[in-house]
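Let's take a walk through this structure together, going from one pair of helices to the wider fold. Keep the viewer open as you read.

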Amino acid sequence: MTPLSQILVVYRKELRDWSRDRRSIMTVLISSLLAPVIIGVMFTQLANRQRQVEDVKIPVVGAAHAPALVAWLQQQAGVEVVDGPADPQEAVRTRKEDVVVVIDDDFAKDFAASQPAQVKLVNDSSSQSAAPKVRRIRNMLQRYASEIASLRLIARGITPTVASPVSIEDVEVSSAQQRAANILGFIPLFTMIAAFTGAMSIATDSTAGERERGSLEALLVNPAPRGAIAGGKWLASTTTAMLSVFVTGSLLYALFKYVPLQDLGIRFHVGPNQVVQILATLLPLCPFIAAIQMYVATFAKSFKEAQSYLSFLMMAQMIPGMMATMNTMSTKAWMHFVPWVGQQTLLTDIIGNKPISPVVFVVVGLLNLTLAFGVIRATAALLHRERIIFGR
(Lines give C-alpha, C1' and ligand atoms only; values in the text may rest on other atoms or scores of the structure.)
Protein backbone atom coordinates (compact mmCIF):
# COMPACT_ATOMS: atom_id res chain seq x y z
CA MET A 1 0.00 0.00 0.00
CA THR A 2 1.11 3.52 -0.72
CA PRO A 3 1.50 5.99 2.16
CA LEU A 4 -1.58 7.85 0.93
CA SER A 5 -3.65 4.66 1.00
CA GLN A 6 -2.45 3.96 4.54
CA ILE A 7 -3.40 7.48 5.60
CA LEU A 8 -6.88 7.04 4.11
CA VAL A 9 -7.32 3.71 5.90
CA VAL A 10 -6.56 5.32 9.27
CA TYR A 11 -8.72 8.30 8.29
CA ARG A 12 -11.75 6.10 7.56
CA LYS A 13 -11.17 4.10 10.73
CA GLU A 14 -11.13 7.22 12.93
CA LEU A 15 -14.23 8.68 11.31
CA ARG A 16 -16.03 5.35 11.68
CA ASP A 17 -15.13 5.19 15.37
CA TRP A 18 -16.22 8.81 15.82
CA SER A 19 -19.56 8.24 14.07
CA ARG A 20 -20.34 5.38 16.46
CA ASP A 21 -19.79 7.56 19.50
CA ARG A 22 -22.96 9.57 20.06
CA ARG A 23 -21.34 11.71 22.73
CA SER A 24 -18.67 12.87 20.30
CA ILE A 25 -21.26 13.71 17.67
CA MET A 26 -23.31 15.63 20.24
CA THR A 27 -20.19 17.54 21.26
CA VAL A 28 -19.61 18.72 17.70
CA LEU A 29 -23.28 19.60 17.19
CA ILE A 30 -23.59 21.46 20.48
CA SER A 31 -20.36 23.39 19.87
CA SER A 32 -21.64 24.31 16.41
CA LEU A 33 -25.04 25.42 17.70
CA LEU A 34 -23.69 27.27 20.72
CA ALA A 35 -22.66 30.50 19.00
CA PRO A 36 -25.77 30.94 16.80
CA VAL A 37 -28.13 30.22 19.70
CA ILE A 38 -26.38 32.61 22.10
CA ILE A 39 -26.07 35.37 19.52
CA GLY A 40 -29.64 34.92 18.30
CA VAL A 41 -31.17 35.01 21.78
CA MET A 42 -29.00 37.94 22.88
CA PHE A 43 -29.75 40.20 19.92
CA THR A 44 -33.43 39.25 19.88
CA GLN A 45 -33.75 40.21 23.54
CA LEU A 46 -31.93 43.50 22.94
CA ALA A 47 -34.17 44.26 19.97
CA ASN A 48 -37.28 43.47 22.02
CA ARG A 49 -36.13 45.86 24.74
CA GLN A 50 -35.52 48.56 22.17
CA ARG A 51 -38.99 48.07 20.67
CA GLN A 52 -40.55 48.29 24.12
CA VAL A 53 -39.03 51.75 24.53
CA GLU A 54 -41.02 53.00 21.54
CA ASP A 55 -44.21 52.69 23.60
CA VAL A 56 -43.36 53.76 27.13
CA LYS A 57 -45.41 54.47 30.24
CA ILE A 58 -43.94 57.15 32.50
CA PRO A 59 -45.02 57.05 36.15
CA VAL A 60 -44.99 60.65 37.39
CA VAL A 61 -45.22 61.77 41.02
CA GLY A 62 -46.29 65.40 41.48
CA ALA A 63 -47.71 65.89 38.01
CA ALA A 64 -49.92 68.71 39.29
CA HIS A 65 -46.80 70.81 40.00
CA ALA A 66 -45.76 70.87 36.32
CA PRO A 67 -48.82 70.57 34.06
CA ALA A 68 -46.97 72.04 31.07
CA LEU A 69 -44.18 69.49 31.34
CA VAL A 70 -46.66 66.61 31.70
CA ALA A 71 -48.65 67.86 28.70
CA TRP A 72 -45.44 68.09 26.65
CA LEU A 73 -44.49 64.52 27.56
CA GLN A 74 -47.92 63.25 26.56
CA GLN A 75 -47.51 64.86 23.13
CA GLN A 76 -44.41 62.77 22.42
CA ALA A 77 -44.86 59.72 20.20
CA GLY A 78 -45.58 56.50 22.07
CA VAL A 79 -45.57 58.15 25.53
CA GLU A 80 -48.25 57.63 28.16
CA VAL A 81 -48.06 59.45 31.50
CA VAL A 82 -49.53 57.59 34.49
CA ASP A 83 -49.73 58.30 38.21
CA GLY A 84 -46.60 57.34 40.08
CA PRO A 85 -46.39 55.07 43.15
CA ALA A 86 -46.61 56.35 46.71
CA ASP A 87 -43.00 55.27 47.40
CA PRO A 88 -40.99 55.74 44.16
CA GLN A 89 -37.69 54.44 45.52
CA GLU A 90 -39.22 51.26 46.92
CA ALA A 91 -41.13 50.65 43.68
CA VAL A 92 -37.93 50.88 41.62
CA ARG A 93 -35.90 48.92 44.16
CA THR A 94 -38.39 46.02 44.03
CA ARG A 95 -38.55 46.26 40.21
CA LYS A 96 -42.28 47.08 40.22
CA GLU A 97 -41.35 50.11 38.13
CA ASP A 98 -38.36 50.60 35.86
CA VAL A 99 -38.22 54.35 36.44
CA VAL A 100 -40.29 57.00 38.20
CA VAL A 101 -40.27 60.74 37.50
CA VAL A 102 -40.67 62.83 40.67
CA ILE A 103 -41.51 66.53 40.23
CA ASP A 104 -40.47 68.67 43.19
CA ASP A 105 -43.15 70.52 45.18
CA ASP A 106 -41.40 73.85 44.46
CA PHE A 107 -41.19 73.16 40.72
CA ALA A 108 -43.79 75.80 39.71
CA LYS A 109 -42.28 78.50 41.97
CA ASP A 110 -38.71 77.86 40.76
CA PHE A 111 -39.87 77.59 37.15
CA ALA A 112 -41.70 80.94 37.31
CA ALA A 113 -38.64 82.56 38.88
CA SER A 114 -36.42 81.22 36.08
CA GLN A 115 -34.55 79.16 38.63
CA PRO A 116 -33.55 75.51 38.06
CA ALA A 117 -36.71 73.50 38.76
CA GLN A 118 -35.90 70.06 40.11
CA VAL A 119 -37.10 66.84 38.51
CA LYS A 120 -35.88 63.55 39.99
CA LEU A 121 -35.41 60.48 37.86
CA VAL A 122 -35.61 57.51 40.23
CA ASN A 123 -33.99 54.51 38.56
CA ASP A 124 -31.78 51.48 39.16
CA SER A 125 -28.64 51.66 37.02
CA SER A 126 -27.91 47.99 37.71
CA SER A 127 -31.06 46.96 35.80
CA GLN A 128 -30.01 46.46 32.19
CA SER A 129 -33.58 45.85 31.02
CA ALA A 130 -34.63 49.31 32.24
CA ALA A 131 -31.64 51.16 30.75
CA PRO A 132 -33.20 51.96 27.31
CA LYS A 133 -36.39 53.29 28.96
CA VAL A 134 -34.43 55.44 31.42
CA ARG A 135 -32.24 56.76 28.61
CA ARG A 136 -35.23 57.78 26.51
CA ILE A 137 -37.00 59.56 29.39
CA ARG A 138 -33.79 61.38 30.33
CA ASN A 139 -33.32 62.52 26.72
CA MET A 140 -36.91 63.81 26.59
CA LEU A 141 -36.49 65.80 29.79
CA GLN A 142 -33.21 67.26 28.54
CA ARG A 143 -34.88 68.22 25.26
CA TYR A 144 -37.72 69.92 27.14
CA ALA A 145 -35.22 71.83 29.26
CA SER A 146 -33.35 72.92 26.13
CA GLU A 147 -36.56 74.15 24.48
CA ILE A 148 -37.58 76.14 27.56
CA ALA A 149 -34.10 77.67 27.78
CA SER A 150 -34.30 78.78 24.14
CA LEU A 151 -37.76 80.30 24.68
CA ARG A 152 -36.54 82.23 27.73
CA LEU A 153 -33.65 83.69 25.75
CA ILE A 154 -35.94 84.67 22.90
CA ALA A 155 -38.36 86.34 25.38
CA ARG A 156 -35.47 88.47 26.59
CA GLY A 157 -34.53 89.44 23.06
CA ILE A 158 -31.47 87.20 22.99
CA THR A 159 -30.85 84.71 20.23
CA PRO A 160 -30.42 81.14 21.53
CA THR A 161 -27.23 80.77 19.52
CA VAL A 162 -25.49 82.97 22.11
CA ALA A 163 -25.63 79.99 24.46
CA SER A 164 -23.79 77.85 21.91
CA PRO A 165 -20.44 79.55 21.30
CA VAL A 166 -19.00 76.49 19.57
CA SER A 167 -20.78 74.39 16.96
CA ILE A 168 -19.53 70.83 16.79
CA GLU A 169 -20.18 68.76 13.68
CA ASP A 170 -19.25 65.08 13.47
CA VAL A 171 -17.71 63.96 10.19
CA GLU A 172 -17.99 60.17 10.07
CA VAL A 173 -15.52 58.49 7.73
CA SER A 174 -16.30 54.87 8.59
CA SER A 175 -19.07 52.91 6.90
CA ALA A 176 -22.10 51.47 8.71
CA GLN A 177 -20.65 48.00 8.14
CA GLN A 178 -17.38 48.95 9.82
CA ARG A 179 -19.20 50.36 12.83
CA ALA A 180 -21.27 47.19 13.02
CA ALA A 181 -18.05 45.15 12.95
CA ASN A 182 -16.94 46.83 16.19
CA ILE A 183 -20.19 45.81 17.86
CA LEU A 184 -20.14 42.27 16.42
CA GLY A 185 -16.42 41.74 16.99
CA PHE A 186 -17.05 38.73 19.24
CA ILE A 187 -18.48 36.62 16.39
CA PRO A 188 -15.04 35.56 15.01
CA LEU A 189 -14.15 34.31 18.48
CA PHE A 190 -17.21 32.06 18.53
CA THR A 191 -16.47 30.60 15.10
CA MET A 192 -12.88 29.82 16.05
CA ILE A 193 -14.06 28.15 19.26
CA ALA A 194 -16.39 26.02 17.12
CA ALA A 195 -13.39 24.85 15.07
CA PHE A 196 -11.46 24.06 18.24
CA THR A 197 -14.22 22.05 19.91
CA GLY A 198 -15.07 20.31 16.64
CA ALA A 199 -11.56 18.89 16.36
CA MET A 200 -11.18 18.05 20.03
CA SER A 201 -13.15 14.78 20.19
CA ILE A 202 -11.08 12.88 17.61
CA ALA A 203 -7.80 14.60 18.52
CA THR A 204 -8.05 13.45 22.14
CA ASP A 205 -9.68 10.05 21.64
CA SER A 206 -7.33 8.95 18.85
CA THR A 207 -4.22 9.77 20.91
CA ALA A 208 -4.67 9.90 24.70
CA GLY A 209 -7.84 7.80 24.50
CA GLU A 210 -6.15 4.97 22.62
CA ARG A 211 -3.13 5.22 24.88
CA GLU A 212 -5.37 4.86 27.95
CA ARG A 213 -7.27 1.89 26.46
CA GLY A 214 -4.05 0.18 25.39
CA SER A 215 -5.11 0.02 21.73
CA LEU A 216 -2.33 2.32 20.55
CA GLU A 217 0.25 -0.47 20.69
CA ALA A 218 -1.93 -2.74 18.55
CA LEU A 219 -2.35 0.01 15.98
CA LEU A 220 1.39 0.74 15.79
CA VAL A 221 2.16 -2.96 15.25
CA ASN A 222 0.63 -2.65 11.76
CA PRO A 223 3.13 -2.27 8.89
CA ALA A 224 2.44 1.40 8.42
CA PRO A 225 4.80 4.31 9.03
CA ARG A 226 4.12 6.49 12.05
CA GLY A 227 3.59 9.45 9.74
CA ALA A 228 0.73 7.71 7.93
CA ILE A 229 -0.97 6.82 11.23
CA ALA A 230 -0.60 10.34 12.60
CA GLY A 231 -1.66 11.79 9.24
CA GLY A 232 -4.85 9.73 9.09
CA LYS A 233 -5.85 10.73 12.62
CA TRP A 234 -5.05 14.35 11.83
CA LEU A 235 -7.19 14.34 8.66
CA ALA A 236 -10.13 12.88 10.60
CA SER A 237 -9.81 15.54 13.29
CA THR A 238 -9.51 18.25 10.65
CA THR A 239 -12.69 16.99 8.97
CA THR A 240 -14.77 17.34 12.13
CA ALA A 241 -13.30 20.80 12.76
CA MET A 242 -14.26 21.92 9.26
CA LEU A 243 -17.70 20.36 9.68
CA SER A 244 -18.21 22.37 12.86
CA VAL A 245 -17.13 25.57 11.10
CA PHE A 246 -19.51 24.91 8.19
CA VAL A 247 -22.45 24.30 10.51
CA THR A 248 -21.71 27.33 12.70
CA GLY A 249 -21.06 29.59 9.71
CA SER A 250 -24.23 28.49 7.90
CA LEU A 251 -26.39 29.04 10.96
CA LEU A 252 -24.88 32.47 11.62
CA TYR A 253 -25.38 33.43 7.96
CA ALA A 254 -29.04 32.41 8.17
CA LEU A 255 -29.43 33.97 11.60
CA PHE A 256 -28.51 37.49 10.55
CA LYS A 257 -31.25 37.43 7.93
CA TYR A 258 -33.86 37.15 10.68
CA VAL A 259 -32.42 38.88 13.75
CA PRO A 260 -33.83 42.46 13.80
CA LEU A 261 -30.49 44.26 14.00
CA GLN A 262 -32.09 47.36 12.46
CA ASP A 263 -34.06 47.84 15.67
CA LEU A 264 -30.71 48.29 17.43
CA GLY A 265 -29.49 50.78 14.86
CA ILE A 266 -27.06 48.25 13.36
CA ARG A 267 -26.79 48.02 9.58
CA PHE A 268 -25.05 44.75 8.82
CA HIS A 269 -24.96 42.62 5.70
CA VAL A 270 -23.01 39.48 4.82
CA GLY A 271 -22.91 38.65 1.12
CA PRO A 272 -21.57 35.64 -0.82
CA ASN A 273 -18.18 37.31 -1.28
CA GLN A 274 -17.76 37.74 2.46
CA VAL A 275 -18.84 34.14 3.08
CA VAL A 276 -16.10 32.93 0.73
CA GLN A 277 -13.54 35.12 2.50
CA ILE A 278 -14.63 33.83 5.92
CA LEU A 279 -14.25 30.21 4.77
CA ALA A 280 -10.88 31.04 3.19
CA THR A 281 -9.79 32.36 6.58
CA LEU A 282 -11.13 29.63 8.85
CA LEU A 283 -10.73 26.40 6.87
CA PRO A 284 -6.90 26.57 6.63
CA LEU A 285 -6.81 27.14 10.38
CA CYS A 286 -8.65 23.87 11.08
CA PRO A 287 -5.68 21.62 10.11
CA PHE A 288 -3.37 23.63 12.35
CA ILE A 289 -5.81 23.49 15.30
CA ALA A 290 -6.21 19.73 14.87
CA ALA A 291 -2.44 19.22 14.64
CA ILE A 292 -1.75 21.24 17.79
CA GLN A 293 -4.43 19.36 19.70
CA MET A 294 -3.05 15.98 18.64
CA TYR A 295 0.49 16.94 19.58
CA VAL A 296 -0.55 18.15 23.04
CA ALA A 297 -2.92 15.22 23.65
CA THR A 298 -0.21 12.68 22.73
CA PHE A 299 1.64 13.61 25.92
CA ALA A 300 -1.42 12.85 28.07
CA LYS A 301 -1.77 9.44 29.68
CA SER A 302 -5.59 9.56 29.80
CA PHE A 303 -8.52 11.11 28.01
CA LYS A 304 -9.34 13.37 30.96
CA GLU A 305 -5.75 14.55 31.22
CA ALA A 306 -5.79 15.44 27.53
CA GLN A 307 -8.99 17.41 28.00
CA SER A 308 -7.35 19.37 30.81
CA TYR A 309 -4.39 20.24 28.59
CA LEU A 310 -6.65 21.30 25.73
CA SER A 311 -8.76 23.45 28.05
CA PHE A 312 -5.68 25.57 28.74
CA LEU A 313 -4.95 25.64 25.02
CA MET A 314 -8.47 26.89 24.33
CA MET A 315 -8.03 29.66 26.89
CA ALA A 316 -4.82 30.69 25.14
CA GLN A 317 -6.72 30.77 21.84
CA MET A 318 -9.42 33.00 23.32
CA ILE A 319 -7.03 35.69 24.57
CA PRO A 320 -6.45 37.40 21.17
CA GLY A 321 -10.17 37.30 20.46
CA MET A 322 -11.08 38.86 23.80
CA MET A 323 -8.42 41.55 23.36
CA ALA A 324 -9.75 42.37 19.90
CA THR A 325 -13.32 42.45 21.21
CA MET A 326 -12.31 44.97 23.87
CA ASN A 327 -10.54 47.01 21.17
CA THR A 328 -7.23 46.89 23.03
CA MET A 329 -5.32 45.88 19.89
CA SER A 330 -4.83 47.99 16.80
CA THR A 331 -4.60 45.96 13.61
CA LYS A 332 -1.10 45.69 12.15
CA ALA A 333 -0.08 44.01 8.91
CA TRP A 334 2.11 41.43 10.68
CA MET A 335 -0.86 40.20 12.75
CA HIS A 336 -2.38 38.52 9.69
CA PHE A 337 0.46 36.01 9.66
CA VAL A 338 0.21 34.92 13.31
CA PRO A 339 -2.03 31.87 13.88
CA TRP A 340 -5.25 32.69 15.76
CA VAL A 341 -4.38 36.39 15.91
CA GLY A 342 -4.32 36.54 12.11
CA GLN A 343 -7.69 34.82 11.78
CA GLN A 344 -9.24 37.13 14.37
CA THR A 345 -8.04 40.29 12.61
CA LEU A 346 -8.95 38.97 9.16
CA LEU A 347 -12.47 38.01 10.23
CA THR A 348 -12.98 41.42 11.84
CA ASP A 349 -11.85 43.13 8.63
CA ILE A 350 -14.13 40.89 6.56
CA ILE A 351 -17.15 41.66 8.73
CA GLY A 352 -16.27 45.36 8.44
CA ASN A 353 -16.18 44.98 4.64
CA LYS A 354 -12.60 46.23 4.43
CA PRO A 355 -10.73 45.44 1.19
CA ILE A 356 -8.29 42.54 1.63
CA SER A 357 -5.88 41.36 -1.02
CA PRO A 358 -6.35 37.72 -2.15
CA VAL A 359 -2.60 37.30 -1.63
CA VAL A 360 -3.14 37.68 2.13
CA PHE A 361 -5.57 34.74 2.18
CA VAL A 362 -3.18 32.58 0.15
CA VAL A 363 -0.15 33.40 2.30
CA VAL A 364 -2.05 32.95 5.58
CA GLY A 365 -3.53 29.66 4.37
CA LEU A 366 -0.18 28.27 3.23
CA LEU A 367 1.45 29.38 6.47
CA ASN A 368 -1.14 27.54 8.59
CA LEU A 369 -0.89 24.40 6.45
CA THR A 370 2.92 24.47 6.66
CA LEU A 371 2.79 24.80 10.44
CA ALA A 372 0.23 21.98 10.59
CA PHE A 373 2.49 19.64 8.58
CA GLY A 374 5.39 20.51 10.87
CA VAL A 375 3.39 19.76 14.01
CA ILE A 376 2.13 16.44 12.57
CA ARG A 377 5.69 15.40 11.79
CA ALA A 378 6.56 16.17 15.41
CA THR A 379 3.57 14.08 16.56
CA ALA A 380 4.69 11.18 14.36
CA ALA A 381 8.13 11.43 15.97
CA LEU A 382 6.52 11.13 19.40
CA LEU A 383 4.96 7.82 18.36
CA HIS A 384 8.47 6.35 18.13
CA ARG A 385 9.09 6.93 21.84
CA GLU A 386 8.51 3.98 24.16
CA ARG A 387 7.46 6.32 26.97
CA ILE A 388 4.61 7.57 24.81
CA ILE A 389 3.53 4.16 23.56
CA PHE A 390 3.78 2.10 26.77
CA GLY A 391 3.66 4.75 29.49
CA ARG A 392 0.45 4.87 31.53
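**Helices, cores and a loop**

In this predicted model, a good place to begin is helix H14 (residues 341-351), which packs against H15 at an angle of about 155°, with the two axes 12 Å apart. An angle over 145 degrees counts as roughly antiparallel, and H14 is therefore roughly antiparallel to H15. The crossing of H14 past H15 is left-handed. If you zoom in on the contact, you will find Gln343, Leu346 and Ile350 on the H14 side, meeting Val360, Phe361, Val364 and Asn368 on the H15 side. Sorted by class, the residues of this contact are five nonpolar and two polar, with no charged ones.

Now stay with H15 and turn to another of its partners. Helix H12 (residues 285-298) packs with helix H15 (residues 358-382) at an angle of about 20°, and their axes are 8 Å apart. Angles under 35 degrees count as roughly parallel, so H12 and H15 are roughly parallel to each other. Their crossing is left-handed. From H12, the contact draws on Leu285, Pro287, Phe288, Ala291, Ile292, Met294, Tyr295 and Thr298. From H15 come Asn368, Leu369, Leu371, Ala372, Val375, Ile376, Ala378, Thr379 and Leu382. This contact of H12 with H15 has 14 nonpolar residues and three polar ones, while no charged residue takes part. Asn368 is worth a second look: this H15 residue belongs to the contact with H14 and to the contact with H12.

Which residues have the most contacts inside the largest nonpolar core? They are Phe196 and Trp234, in a core of 42 residues. The elements that each give two or more residues to this core are helix H8 (187-213), helix H9 (215-221), helix H10 (226-255), H12, helix H13 (303-325), H14 and H15. H12 gives the most, with eight residues. Setting aside residues up to four places away in sequence, Phe196 touches Ile289, Gln293, Leu310, Leu313, Met314 and Gln317. Another core lies apart from this one and has 21 residues, among them Val56, Val81, Ala130 and Ile137.

One of the partners of Phe196 deserves a stop of its own. Gln293 sits in helix H12. Is Gln293 buried or exposed? Its relative accessibility is 0%, and because buried means under 20%, Gln293 counts as buried. Beyond its neighbours within four places in sequence, Gln293 is in contact with Phe196, Ala199, Met200, Ala203, Leu310 and Leu313. Leu310 and Leu313 are thus touched by Phe196 and by Gln293.

For the opposite situation, look at Ala86, in the loop between strand S2 (79-83) and helix H4 (88-93). The relative accessibility of Ala86 is 86%, so this residue counts as exposed. Ala86 and Val61 are 25 residues apart in sequence, and their C-alpha atoms are 8.0 Å apart in space.

Finally, zoom out to the whole protein chain. How many helices and strands are there in the protein chain? There are 16 helices and four strands. The chain has 392 residues, of which 42% count as buried. Among the contacts in the protein chain with a separation of 6 or more, 77% are between residues 24 or more positions apart.

How values were computed: Residues numbered from 1 in each chain as written. Predicted model: local features only at pLDDT ≥ 70, side-chain atom pairs only at ≥ 80, totals over all residues. Heavy atoms only, no water. Axes fitted to C-alpha atoms, helices over the stretch in contact; angles between N-to-C directions. Parallel < 35°, antiparallel > 145°, perpendicular 65-115°, else oblique. Left-handed = near helix turned anticlockwise from the far one by under 90°. Contact = heavy atoms within 4.5 Å. Nonpolar A, V, L, I, M, F, W, Y, C, P; charged D, E, K, R; others polar. Core = buried A, V, L, I, M, F, W, Y, C linked by side-chain atoms within 4.5 Å. Buried < 20%, exposed > 50% of the residue type's maximum accessible area, 1.4 Å probe, protein only.
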